[in-house]
Structure formats: C-alpha cells, structure tokens
Amino acid sequence: MGNQSEVRKNFGERASDYRLSTTHSNPVDLERMISLLIPHPNAIALDVATGGGHTAIALAGCVKKVVAIDITPEMLAEAEVAAKQSGLKNIVFQMADVQHLNFTDGQFDIVASRFAAHHFFDINKAVHEMCRVLKPGGKFYILDCSVFDGDETEKEINRIEYLRDSSHRCSYSPRQWNHILNKLPLTLKQTSLLREQYKLPQWFDRMGTDRKNQKEIFQILYNLSEDSKTLYPFGDDYITTYRYEILAIKT
Ligand SMILES: C[S@@+](CC[C@H](N)C(=O)[O-])C[C@H]1O[C@@H](n2cnc3c(N)ncnc32)[C@H](O)[C@@H]1O
C-alpha cells in the first residue's frame, strides 16, 4: 500500500494551510511554469497531486480544461474552494493515485506536477503513468524539492525532510532525476536546480514538526561536512533548500 495513509493523514490535517500557503501560490514560480509550458488555449492538462489547487488554477487560465487529481480528499475539497474563488469553471477534480491513473494513453497535452513527487511511493511507476497519459509531443513538467548531487546530501537532506514530514519519500538530486527519466520516451528541454530559503518556524509549522525532530534536524545540519554546509547554510529562522524544475517533451 506504500505511504498513502501517511500522506492522507499528514495532508488531510493541514489541507487549508496548503491552499493558503504563500510558498505554493508564489506567482513568480507559477508564471515561470506557464512561460516554460507556453500552453495552447485548446490544450487539455492534467495536474498531478493538485494539493491546494495552485497549479491547476494557473493552468486553467491558459488552457481549455484541467483535470486535477489528488489522493487526499480534504486537499481536493480545499482545491475546489480555491477554484471557486478564482471564478474558473474549467477544472475537474478527481481522487486518484498517480501510480494508477484511470486515463487512456495519450489523453493530455500537458502533464504537470509541483511539490509532490517527493511523496510518491514508487517514483518510477508514477512518472511512467504521467508519461503514458501524455500525447506524443505533449509537455511534461515537474517542479519538486530536490537535493544537491552527492552521497552525503542525497542521504542527509532526505533524513531532514523525513523528520519534518513522515510522508516524505525522497527528494531526488538532478543525477537521480536524470536516471529516473532516462527510461521514458521523453526529451529533456530544460532543467534547473533552484536554490531557495524556507522561513522557520513556518516550514516546520506547515507540517507540525515536533520539537524533538526540529532539534535533530539542526543536529544533522551542524554535522554536515564543510562542503555540504556551504551548499546548505542555515540559521535559527531559515533553512536552505533546492528545487528541481524539469520541462520535457514526449517523443
Ligand atoms: C504539497 S501538496 C502539492 C502542492 C500543489 N501541487 C501546488 O502546486 O501547490 C502535495 C500533494 O501531493 C498529494 N499526493 C501525495 N502522494 C500522492 C499520490 N500518490 N497520488 C496523488 N496525489 C498524491 C498529497 O495528497 C498532497 O495534496
């Protein structure tokens, strides 16, 4: 069954926080996604793991129709509230697991997913499904938390993420993403590793990370090698993190 119940529990308890999150609704990120995708007005898009609906709503303003899926019912309810507030009527919400998509092959012009792949229990199955439902020539977009290439960062930063959120599965480094996507009929058009800072305690609060785990997270950061510490500066009120953005075309 994987981590579905953990995901549903962790997100279900905090669904409205994700709808209201300024990190997830950041217009700079959403505009960059649109400028990379250059959506056609007649396009049909799939938003995988819609969360508070930010990706679906940004896409819906530019395409004919968006299908937005998620496995957490409370999240879908919040996304529907956000869609209603936006006044957009071309989004259909469905409960579905990315690893078992109930769509025919090649149904979508765009398949996008933001801030979610690190939760997918079987990433290979998830991206295989996302790619299967995309038309040849269709656009595949992912933005997700990531880690710097390297054994230490891949292991230790993921330990931090797991201590913060027990439904965290893996933030993949660029080299790991390349390995995952290489197996699929996709041509990479653009990839970027983006450095970010998360404000504390907001980053902890969004997932209800307890004091014990917060302490352990700082201990891991203090114990990083000097090289990793320069990549991951931190303070009492912030933590450094990376995101990986991928645009690919289905061949
Ligand atoms: C941080 S939220 C997504 C944010 C959203 N995409 C945005 O752009 O603001 C992560 C979402 O992933 C969903 N999720 C996790 N695993 C999933 C899976 N296997 N299939 C579908 N949704 C999943 C969770 O329920 C949660 O709503």
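In the predicted model, Pro201 is placed in the loop between β6 (186-199) and α9 (202-205). The peptide bond that joins Leu200 to Pro201 is cis, with an omega of about 10 degrees.

Two further loop residues have backbone angles that deserve mention. Ala49, in the loop between β1 and α4, is not a glycine, yet its phi is positive, at about 65 degrees. Ala49 counts as buried because 26 C-beta neighbours lie inside 10 Å. Phe115, in the loop between β4 and α6, is likewise not a glycine and has a positive phi of about 55 degrees. With 21 other C-beta atoms within 10 Å, Phe115 is also buried, since the cut-off for a buried residue is 20 or more.

The protein chain as a whole contains 11 helices and eight strands. Its C-alpha trace spans about 50 × 35 × 35 Å along the principal axes. For 251 residues, a compact globule would be expected to have a radius of gyration near 18 Å, and the 18 Å of the protein chain therefore agrees with a compact globule. Of these 251 residues, 40% count as buried. Among the contacts between residues at least 6 apart in sequence, 77% join residues at least 24 apart.

Several of the strands are paired in parallel. Strand β1 (residues 44-48) is joined to β4 by three bridges, and the two strands run parallel. Within this pair, Asp47 stands opposite Ala112 in β4. From β4 the chain passes through helix α6 (residues 123-132) to β5, in a β-α-β crossover that is right-handed. Strands β4 and β5 are themselves parallel and are joined by six bridges; Phe108 stands opposite Leu134 in β5. Strand β4 is mostly covered, as seven of its seven residues are buried.

A second parallel arrangement involves strand β2 (residues 65-70) and strand β3 (residues 91-95), which are joined by five bridges. Here Ala68 has Phe93 of β3 as its bridge partner. Together with helix α5 (residues 73-86), β2 and β3 make a right-handed β-α-β unit.

The interior of the model was examined next. In soluble globular proteins, nonpolar side chains tend to be buried together. The largest nonpolar core in this model has 64 residues, of which Ala45, Ala56, Leu59, Val66, Ile110, Val111 and Met130 touch the most other members. Strand β5 (residues 134-146) gives the most to this core, contributing six residues. Val66 shows how such a residue is surrounded: leaving aside neighbours within four places in sequence, Val66 is in contact with Ala45, Ala56 and Leu59, among others. The contacts of Val66 also include Asp47, Ala60, Asn90 and Ile91.

Individual helix residues were also considered. Thr55 has its place in helix α4 (residues 54-60). It is buried because 28 other C-beta atoms lie within 10 Å. Apart from residues up to four places away in sequence, Thr55 touches Asp47, Thr50, Ala112 and Arg114. Two of these contacts, Asp47 and Ala112, are the residues that stand opposite each other where β1 meets β4. Thr55 and Leu193, by contrast, are 138 residues apart in sequence and 19 Å apart in space, C-alpha to C-alpha.

Met33 belongs to helix α3 (residues 27-37). With 20 other C-beta atoms within 10 Å, Met33 is buried; the cut-off is 20 or more, so this count just meets it. When residues up to four places away in sequence are not counted, Met33 touches Ala58, Ala112, Tyr141 and Leu143. Ala112 is thus touched by both Met33 and Thr55. The C-alpha atoms of Met33 and Asn158, which are 125 residues apart along the chain, are separated by 25 Å.

An exposed position is provided by His100, in the loop between β3 and β4 (108-114). His100 counts as exposed because it has 9 C-beta neighbours inside 10 Å, and a residue is exposed at 12 or fewer. Between the C-alpha atoms of His100 and Ala43, which are 57 residues apart along the chain, the separation is 23 Å.

How values were computed: Residues numbered from 1 in each chain as written. Predicted model: local features only at pLDDT ≥ 70, side-chain atom pairs only at ≥ 80, totals over all residues. Pairing = 2+ DSSP bridges. Helix = DSSP H or I, 4+ residues; strand = E, 2+ residues; numbered from the N terminus. Right-handed = clockwise from strand over helix to strand, strands pointing away. Core = buried A, V, L, I, M, F, W, Y, C linked by C-beta atoms within 7 Å. Contact = placed C-beta atoms within 7 Å. Rg over C-alpha atoms; globule rule 2.2 N^0.38 Å.
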